[in-house]
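Visitor: Could you zoom in on one covered part of this fold for me, and then walk me on from there to other spots worth a look? I'm happy with a long answer.

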Amino acid sequence: MSENFPPTSVSQWPPIRHRSSDIPPVTPARNPNQPSLILSRLDAAFPSPSDSPRTPLTDTKNIKRRRYQNGYEIRQQTPSYKPYTKQRTGRKRQHAIAFDDIQALQPQREITHQRWDELAHTAGILPENNTLRQFQVDCANLVLSRSQDVCVIAPTGQGKSMLWVLPLLIQRTGCSLVVTPYTSLGLEGQSRNLNMGLPSVFVHAGQKGTKLIGDIAGGRYRVIFACPEMLESPAFAEILHSTSFQACISGIYVDEAHLVNESASWRPAYTRIHLLRQVIGHRIPLIAISATLPSTYRRSLITHIGLHEDAILINLGNFRPELSTVVMYMEHEANSFKDLVFLLRHGVRKESIEKTIVYIDDLEMLTALLWSLQSRLVTLGLPPTLVDIHHAGLSSDHQEKSLKDFESGETRILLASEKIGAGINFSGVSQVIQYLIRGLTLVRWSQRHGRGARDPGSTAVGILLVEKKMQKEEGLSPEAPGNEDPGILELVQSTDCCQAVLDRHLENPPRPNSPASASRCCSNCYPSLRPAREHQWIMENPEANAKQTSARRKLPEQQVDEIYQQLIKWRQKIWRDEWMEKWPGYGPKSLVSDADLECVAKSATTIRSLDILQPLVHIAHWSQLGPPLFSAITIAVIDIVGEGEGTQSRGLGGGVGQRLEGVASGGEVESGPGKGSMGADVSREGTRATVARSAGKLQPWEHIITF
């Protein structure tokens, strides 16, 4: 839509509104024993266009190709109601909820750092031996003064969730309104605050009854969490239009505020938060919180959420010495997942699998990776439950269980989308992987990387697996990024220190040269951080290769079609005998698709083991269907191509060890517990049974199938 694009006559977008008066900013009192923070005016923190040759982290608009989020195509929807407006019905409009005994909060004087520590210890939200961080104290004092908005940038794991709790220790009748991006974060925040003894509630579609609305407006809850879509709904408007609720709001906190800019194109509710201030007024402070808010993103906060231009900026940056960045160029096709072989190496044990999050923004590829890794685990003799998947398209029960199992360690590898890209805390994560970077921004990657090393004293590696299209040789570069983010392109293409690239684009403040900053920063400085590629050595016999030449030749179309039709009959038979009653929702094509059988038929003479067959198909129940399919292929080749073509050098079972050399020449072959000889004049039925027995057992369908 044309109104979503900046007008061409404006040189800078979004436009910057100039201050109407020169009111000096309120500077909170600082403890002289604490290190000073970078505390500045938000409008003064924006670099002028002449300060930098190009705009970093430009908004990646792509109008030529489809846009996806959490694996689904993004389609902008218009709400059926006017945002931040109460529901109008045919009857007379009702008045907003009101309570006469609630007094409006008043500005208060600043409190010393020591006093804040005492209050936090008394409330039980801070361990006795700990002290609050300086930025937490500064922000709390600014909220108490009720004079200015605040923008807070602090690394992940630094206690930003304390910001909406601390002012309530002084404002006994106050409440904090927290705008959270995801349901999982809202539920986590509600649970965390309840454990601290702080009445909290997350308002969502399943929890927005009339009684709850009245309790919130009446001040029963101290912290209220809501997603931006719920915030602008008619149900929540009953709360926002309540003068009683407005009187007790301590502050409005936009958590993970970088998503305002990241999600503007597919979550328009974020672009309408500024309407909230038209309802509740500008006297209530607005606090934007994130670990990644460069100047481009901060400018969008002024336009979209109504952050004041003279807001105070507290910028600690997002540098974490415990995190290392690794850039790896992919050597194989993306859908083969061979570049992820280091996740599950040969001989790996359950306890040695690192706790890992793998992010993929394409839902279909994310699901395919789940099947691939589960099959790999079965091959290694490990339970397939060691890997799980989590995205917004799954049921709430599955999402809850997958996070619980990953947190407890029952799941070692979690495949995820942006659903858990920010804010979620996991313990023990030592590896974060981004598979494919097309459409990724540097801010989003930094947030995902921050899911690692959340335990004190731990470290984590963030691995970017870069597809060939995003490499410099393909024409994309930070100077000519096309539709991609120049920051992420410079990160993966630069030979300089990756941390220096992150500091420059994310505008991290300078750091003193201390032992804490001397970390194993990246693979450019420390190449040993890259996981070793796994290669397999294969010893070949030239004479055997000469015999296999005919088996590898391209089959005529007629023979391919005959093999395909025979495999169709096999699929129908095994479905009817083994799957139809146990799995009523499954059809024959749910076991093996027509496309997979066609691909197998074309390569039938080259499929000599399960390891060769597996990458050619997409079978969810590989352990049950892989071996019988391999046997069916072998028999089809013997029947149609000929025994000499189909049995030379074909090992069954993918490492089981049985061989079929000599089936056509009268040699001996392993067949069950004993050995038997089989001449060239053996019958077709005998050959079929021997082939099946050589794999260790006769498949059930082998007893009765006829072609």
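Guide: A quick definition before we zoom in: a residue is called buried if its relative accessible area is under 20%, exposed if it is over 50%, and partly exposed in between. Keep in mind, too, that what you have on screen is a predicted model.

Now go to helix α4, which spans residues 210–217. This helix is mostly covered, with 6 of its 8 residues buried. Click through them and you'll get Leu-212, Ile-213, Gly-214, Asp-215, Ile-216 and Ala-217. So what sits over them? The cover includes two strands, β6 (200–203) and β7 (223–226), along with two helices, α6 (234–240) and α7 (243–248). Look just past the end of α4 as well, where Gly-219 has a positive phi of about 85 degrees.

That's the close-up; let's carry on to the aromatic rings. Searching the whole structure turns up 5 aromatic pairs. Take Trp-164 and Tyr-253: their ring centres are 6.1 Å apart and the planes sit at 70 degrees, so this pair is edge-to-face. The cut-off behind that label is a plane angle over 60. Trp-164 belongs to the loop between β4 (150–153) and β5 (175–179), while Tyr-253 is in strand β8 (residues 249–254), so the pair ties together parts that are 89 residues apart in sequence. Both Trp-164 and Tyr-253 are buried. There's a third ring to add here, as Phe-225 joins Trp-164 and Tyr-253 in a cluster linked by ring pairs.

Another of the pairs is Phe-337 with Tyr-435, and this one is tilted, with 40 degrees between the planes and 5.8 Å centre to centre. It also links distant parts of the chain: Phe-337 is in the loop between β11 (323–329) and β12 (356–359), Tyr-435 is in strand β15 (residues 431–435), and the two are 98 residues apart. As for accessibility, Phe-337 has a relative accessible area of 9%, so it is buried. Tyr-435 is buried as well, at 1%.

Next, a couple of side chains you might want to click on. Arg-444 is part of helix α13 (residues 442–449). Its relative accessibility is 13%, so Arg-444 counts as buried. If you set aside residues up to four places away in sequence, Arg-444 touches Glu-262, Asp-361, Glu-418 and Gly-439. His-304 is in helix α10 (residues 295–304). At 19% relative accessibility, His-304 counts as buried too, the cut-off being under 20%. Again leaving out neighbours within four places in sequence, the contacts of His-304 are Val-260, Ala-264, Tyr-270, Thr-271, Arg-272, Ile-273 and His-274.

Further along the chain, find Pro-478 in the loop between β16 (460–466) and α14. Pro-478 has a relative accessibility of 11%, so it goes down as buried. From its C-alpha to that of Gln-493 is 8.7 Å in space, with the two residues 15 apart in sequence.

That brings us to helix α14 itself (residues 486–493), whose axis comes within 9 Å of the axis of helix α15 (residues 498–506), crossing at roughly 165 degrees. These two helices are therefore roughly antiparallel to each other, and the handedness of their crossing is right-handed. From α14, Gly-487, Glu-490 and Leu-491 meet Cys-498, Val-501, Leu-502, Arg-504 and His-505 of α15. By type, the residues of this contact split into 4 nonpolar, 2 polar and 2 charged.

For a last stop, there's the packing of helix α17 (residues 557–579) on helix α19 (residues 594–602), where the axes are 9 Å apart and the angle is about 135 degrees. That makes α17 and α19 oblique to each other, and the crossing is right-handed. On the α17 side, the contact is made by Val-560, Ile-563, Tyr-564, Leu-567, Ile-568 and Arg-571, and on the α19 side by Asp-594, Leu-597, Glu-598, Val-600, Ala-601 and Lys-602. The tally for this contact is 8 nonpolar, no polar and 4 charged.

Terms used
Residues are numbered from 1 along each chain as its sequence is written. This is a predicted model: local features need pLDDT of at least 70, side-chain atom pairs count only at pLDDT 80 or more; totals for chains, interfaces and linings use all residues. Side-chain values use heavy atoms; hydrogens and water are left out. Axes are lines fitted to C-alpha atoms, for helices over the stretch in contact, and angles run from 0 to 180 degrees between N-to-C directions. Helices (H or I, at least four residues) and strands (E, at least two) are DSSP runs, numbered from the N terminus. Angles under 35 degrees count as roughly parallel, over 145 as roughly antiparallel, 65 to 115 as roughly perpendicular and the rest as oblique. A crossing is left-handed if the near helix is turned anticlockwise from the far one by less than a right angle, and right-handed if clockwise. Contact means heavy atoms within 4.5 Å. Ala, Val, Leu, Ile, Met, Phe, Trp, Tyr, Cys and Pro count as nonpolar, Asp, Glu, Lys and Arg as charged, and the others, Gly among them, as polar. Buried means under 20% relative accessible area, exposed over 50%, partly exposed in between (1.4 Å probe, protein chains only). Rings of Phe, Tyr and Trp (its six-membered ring) pair if their centres lie within 6.5 Å; planes under 30 degrees apart count as stacked, over 60 as edge-to-face and the rest as tilted.
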